[in-house]
Amino acid sequence: MQSDEMSQVQRERLAHLELRLYFTGELRRSDIENRFGVKPAAVSRDISLYKEMAPHNLHYDLVQKVYVATPEFKPVFEMRPDRVLSWLAHGFGDGLELGLKQHAVFESPPNLFVPNLETLAALTRAICARKPISMNYSSASSGVSKREVVPVALADNGLRLHLRAFDRKKQTFGDFVLTRIDHVVALDSKSQDHEQIAADEQWTRIVELQLAAHPNMQWPDAAELDFGMIDGVLKIKTRAAMAGYVLRRWSVDSSTNHSLDPSSHHLWLRNPKALYGVESAVLAPGFVLEGDDE
């Protein structure tokens, strides 16, 4: 049976099945049952049909009692990167283009960041399996080099996607721009406890950022309305590893004396001490470590 011969409901279930296999590396029957509220018999039919469509994409692991993606896996359904990223971030938007009619006119800026889905899938499988990988990485400062890393998370800085991973050469956690990664190869060795996300202090540390309208704005009420501030402040919590990205994305003046131009920085970080010890703070506009020269 071809994809266009199925009902829409069946196509959605099979697309979800394929998505889980591709990006997590494994599939349990309960994944389909819980997602779509169907009986085990229906899941069996779906899996049998998918195996007819793509016999080399999955096999059943008798030890783990799960279906796993094979090294020869090739997607059957067309997947749009924006929908895949939505699914990875929010757990819905199964990557299947439904072709629904737009009821209200809505436009947004185009996303210039388009990840390679094969690379993305290799990375998410490594995250799920807690396995190290080797990869080629193109650094803007040092060029192309081969890296051996342990992927632990994906992070969206608002403009592009980063891989959070433990770099075995530098023996520290770092961020890698997803589109600069290629030639990902899964390694057979196991990752160690100090290479896993629980050991990433910058990731596990949560900081509260208190944002206010820039004190030098002529009409601060506009910023307070823009961001739904309560009593003139917007409090947000974020991971230390992401704090600098958040502040840079929203052009938040992070200087202690709010010295940046309010015409381009409508927000001011009124508690800059929250960034002490935060490695990503170097990205925050105007932030200077105590004791450094302005």
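The following dialogue examines a sheet, several salt bridges and two residue environments in a predicted model.

Student: Which strands stand at the edges of the open four-stranded sheet?
Tutor: The sheet is open, has mixed pairing and follows the order S10-S9-S12-S11. Two of its strands have a single partner strand each, so one side of each is left without a neighbour in the sheet. These edge strands are S10 (234-239) and S11 (252-253).

Student: What is the bridge partner of Val-252 in S12?
Tutor: Strand S11 is joined to strand S12 (residues 267-269) by two bridges. The strands S11 and S12 run parallel. Within S12, the residue bridged to Val-252 is Leu-267.

Student: What angle does the direction of helix H8 make with that of S10?
Tutor: Helix H8 covers residues 240-249 and packs on the sheet. The helix touches S9 (206-213), S10, S11 and S12. Its direction makes an angle with that of S10 of about 130°.

Student: Is Leu-247 of helix H8 buried or exposed?
Tutor: Leu-247 is found in helix H8. Leaving aside neighbours within four places in sequence, its contacts include Leu-209, Leu-211, Val-252 and Leu-269. The cut-off for a buried residue is under 20% relative accessible area. Because its relative accessibility is 0%, Leu-247 counts as buried.

Student: How many Å apart in space are Leu-247 and Ser-280?
Tutor: In sequence, Leu-247 and Ser-280 are 33 residues apart. Taken from C-alpha to C-alpha, their separation in space is 9.8 Å.

Student: Which helices does the salt bridge between Asp-46 and Arg-13 tie together?
Tutor: The structure holds nine salt bridges, and one of the pairs is Asp-46 with Arg-13, whose closest N and O atoms are 2.5 Å apart. The two residues are 33 residues apart in sequence, so their pairing ties together separate parts: Asp-46 lies in H3 (residues 40-53) and Arg-13 in H1 (residues 8-24). The helices are therefore H3 and H1.

Student: Are Asp-46 and Arg-13 buried or exposed?
Tutor: Asp-46 has a relative accessibility of 2%. For Arg-13 the relative accessible area is 13%. With a cut-off of under 20%, Asp-46 is buried, and Arg-13 is likewise buried.

Student: How far apart are the closest N and O atoms in the salt bridge of Asp-82 with Arg-80?
Tutor: Asp-82, at 41% relative accessibility, counts as partly exposed. Arg-80 is partly exposed too, with a relative accessible area of 34%. The closest N and O atoms of this pair are separated by 2.5 Å.

Student: Which strands hold Arg-164 and Asp-175?
Tutor: Arg-164 and Asp-175 form a salt bridge with their closest N and O atoms 2.9 Å apart. This pair links distant parts of the chain, 11 residues apart. Arg-164 lies in S6 (residues 161-167) and Asp-175 in S7 (residues 172-177), giving the strands S6 and S7.

Student: What relative accessibility does Asp-175 have, the partner of Arg-164?
Tutor: Arg-164 is buried, with a relative accessible area of 5%. Asp-175, by contrast, counts as partly exposed. Its relative accessibility is 28%.

Student: Which residue of the salt-bridge network that includes Arg-168 and Glu-195 is in contact with Ser-134?
Tutor: Ser-134 lies in strand S4 (residues 133-139) and counts as buried at 10% relative accessibility. Leaving aside neighbours within four places in sequence, its contacts are Lys-146, Arg-147, Glu-148, His-183, Val-184, Val-185 and Leu-187. The network links Arg-168 and Glu-195 with a further residue, Glu-148. The residue named in both places is Glu-148.

Conventions
Residues numbered from 1 in each chain as written. Predicted model: local features only at pLDDT ≥ 70, side-chain atom pairs only at ≥ 80, totals over all residues. Heavy atoms only, no water. Pairing = 2+ DSSP bridges. Contact = heavy atoms within 4.5 Å. Axes fitted to C-alpha atoms, helices over the stretch in contact; angles between N-to-C directions. Salt bridge = Lys/Arg side-chain N within 4 Å of Asp/Glu carboxyl O. Buried < 20%, exposed > 50% of the residue type's maximum accessible area, 1.4 Å probe, protein only.
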